[in-house]
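Pull up the model and let's walk through it together. We'll look at a pair of helices and then at where the chains meet.

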Amino acid sequence: MIKFRLNLKLILILFTTIISAYSLAATDIFEFNNPQQEQQFHEISQQLRCPQCQNNSIADSNAQISVDMRNKVYELLQQGKDKQQIIDYMIERYGNFVSYNPPLNPATIILWSAPIILLLIGSFFLLRRKKDEDK
Amino acid sequence: MSKKLMLPLVIFILICMMFLYQLYRNNQGENITDLESAMVGKNIPEFKLASLFNPDETEQIEITNHNMPAQAYLLNVWGSWCPACFDEHPFMLELNKKGVLLIGMNYKDDRLKARQWLANLGNPYKQVIFDPKGSLGFDLGVYGAPETFFINKNGKIIYRHVGVINAENWANKLNKIWQEAQ
């Protein structure tokens with residue numbers, strides 16, 4: 001009985017090591033100059049959207065293009081570019097689509113105004129209904 | 001029926017109509033995952049890459065943005081690893097026969113495999129830029145293959161098509177853009 005238990009533990013340990021080795025292989029390995037730079041890298045790659053998979057950030061996606069974009073973010077950080085410069089660099093090539101925080105301009109105005117418009121429509125109906133009830 | 005009950009019904013029908021309209025457009029070939037290119041209206045970015053047909057590594061035929069054709073052409077992004085490019089290839093040969101000037105961009109590929117591919121299937125391209133690391137691809141905002149850029153006689157990118165070009169979408173839409181590029 002004891003022997004069986006030990007074996008089970010051994011198998012578990014074996015499995016966890018295999019799995020952790022695998023997950024390590026799936027993430028790219030970057031060497032950062034300092035913790036701030038690493039922090040910035042994560043911030044930027046979470047704010048950029050994968051053009052291929054569309055509803056993932058490049059941090060979450062393993063599509064080829066996301067890997068390329070992460071490498072580019074790293075490369076630009078190493079060159080001393082700041083967050084905004086890097087995001088602008090990506091937008092210049094991949095369009096506003098690529099940013100989860102697009103700038104306000106005539107092409108993106110609908111993104112920013114839609115919630116407000118919907119809210120106004122909703123409150124209009126709500127107020128009207130209340131009036132009806134008061135009557 | 002009272003007016004109060006009518007309103008949700010009307011909204012419901014409107015939403016259904018919106019969905020139907022979008023389904024219809026998808027059916028007409030609109031692909032919602034196609035992104036508008038940020039490069040439209042701009043020139044080809046600066047680049048300096050080798051030709052796919054370099055005899056070997058020591059003898060480089062260099063292609064830069066300055067020696068691209070001075071007339072309208074299509075820049076077709078392809079790779080021998082890309083099954084959709086294989087589907088597209090026969091129509092590329094046909095376009096070449098029709099007199100459309102095609103420049104290939106071999107994207108993230110192996111030189112020998114790419115040359116073998118063209119040797120087996122035929123080469124519709126006047127020149128092929130070899131971009132193994134995808135550096136020009138990145139500057140062009142390429143996010144997959146095949147993609148095709150329409151470049152007009154002044155060297156400006158006027159359109160980017162994502163996905164396969166075939167006889168159908170050429171006749172329906174792309175031929176017109178090609179005529180505009182001239």
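What follows goes from confidence to helices to the interface.

This is a predicted model, where local features need pLDDT of at least 70, side-chain atom pairs count only at pLDDT 80 or more, and totals for chains, interfaces and linings use all residues. Residues are numbered from 1 along each chain as its sequence is written, chains are lettered from A in the order in which they are written, and side-chain values use heavy atoms, leaving out hydrogens and water. The complex gets an ipTM of 0.78 and a pTM of 0.77 from the predictor. Chain B has an average pLDDT (the predictor's confidence in each residue, from 0 to 100) of 90.

Start with helix α5 of chain B, residues 167–181, which kinks by about 55° around B:Leu174. The bend is the angle between axes fitted to the seven residues ending at a residue and the seven starting there. B:Leu174 is also one of this helix's buried residues, along with B:Trp170, B:Ile177, B:Trp178 and B:Ala181; buried means under 20% relative accessible area with a 1.4 Å probe, protein chains only.

Now swing over to helix α5 of chain A, residues 109–134. There the count of buried residues among its 26 residues is 0. This helix has a kink too, of about 25°, centred on A:Pro115.

On to the interface: chain A and chain B bury about 1400 Å² between them, that being accessible area (1.4 Å probe) lost on being put together, summed over both. On the chain A side, A:Gln54, A:Arg93 and A:Tyr94 lose the most area, together 38% of what that side buries.

Key. Helices (H or I, at least four residues) and strands (E, at least two) are DSSP runs, numbered from the N terminus. Buried means under 20% relative accessible area, exposed over 50%, partly exposed in between (1.4 Å probe, protein chains only). The expected span of a helix is 1.5 Å times one less than its number of residues. Buried area is the accessible area (1.4 Å probe) that two parts lose on being put together, summed over both.
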